[in-house]
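Here are my notes for you to read with the model open. Follow along and find each spot as we go.

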Amino acid sequence: MSADTKTIKSGPGAAAMISAGIGSLFLGLMTTGAVISVDLKNALSLYAPAGPLSGKTTVAFAAWLLSWVILGTIWKDKDFNFSRAFTITLILVGIGFLLTFPPIFEAFE
């Protein structure tokens, strides 16, 4: 390697992947939470025509963005095992997806 060759760290990429999983998880948590709690459902109604969906997506977006900023800052100069990051992301997205699946969240009604 020459002196001017720069290596790119994998931490920011891992942060982006995992934060996408966190956003998905929060969408699932808000979907199920709105079924469990009428107060949460009402609090998530940020825009009346859309109902609680407006709050669910806003919270999920905020969780994704905040986690991306935090993890990206923490891991900006670090290498992260991409296989591990991908596995974590798949687990988070999978749980989030399950929590948005009607038979799952309707079981809490």
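1. Start with Phe80, which sits in the loop between helix 3 (52–74) and helix 4. Keep in mind that this is a predicted model. Is Phe80 buried or exposed? Phe80 counts as buried, because its relative accessibility is 17% and the cut-off for buried is under 20%.

2. Now see what surrounds Phe80. Leaving out residues up to four places away in sequence, Phe80 touches Ser10, Gly11, Ala14, Ile18, Trp75 and Ala85. Take Ser10 from that list: Phe80 and Ser10 are 70 residues apart along the chain, yet their C-alpha atoms are separated by 5.5 Å.

3. Next, hop to Phe101, in the loop between helix 4 (82–100) and helix 5 (102–105). Phe101 is partly exposed, with 39% relative accessible area. Phe101 also belongs to a nonpolar surface patch, together with Ile36, Phe97, Leu98, Ile104 and Phe108. Added up, the patch has about 590 Å² of accessible area.

4. Zoom out to the whole chain. You'll find five helices and zero strands, so to speak an α-α-α-α-α run from the N terminus on. Of the contacts with a separation of 6 or more, 78% are between residues 24 or more positions apart.

5. What about the overall shape? The C-alpha trace spans about 60 × 25 × 20 Å along its principal axes. The radius of gyration is 17 Å, while a compact globule of 109 residues would have one near 13 Å.

6. Last, the surface. About 7000 Å² of the chain is exposed, with carbon and sulfur atoms supplying 70% of that. Of the 109 residues, 32% count as buried.

Note on methods: Residues are numbered from 1 along each chain as its sequence is written. This is a predicted model: local features need pLDDT of at least 70, side-chain atom pairs count only at pLDDT 80 or more; totals for chains, interfaces and linings use all residues. Side-chain values use heavy atoms; hydrogens and water are left out. Patches are made of residues with over 30% relative accessible area and no salt bridge: like charges are joined within 9 Å, nonpolar side chains (Val, Leu, Ile, Met, Phe, Trp, Tyr) within 5 Å. Accessible areas come from the Shrake-Rupley method with a 1.4 Å probe; for residues, only the protein chains shown count as cover. A salt bridge is a side-chain nitrogen of Lys or Arg within 4 Å of a carboxyl oxygen of Asp or Glu. Helices (H or I, at least four residues) and strands (E, at least two) are DSSP runs, numbered from the N terminus. Buried means under 20% relative accessible area, exposed over 50%, partly exposed in between (1.4 Å probe, protein chains only). Contact means heavy atoms within 4.5 Å. The radius of gyration is taken over C-alpha atoms; the globule rule is 2.2 Å times the number of residues to the power 0.38.
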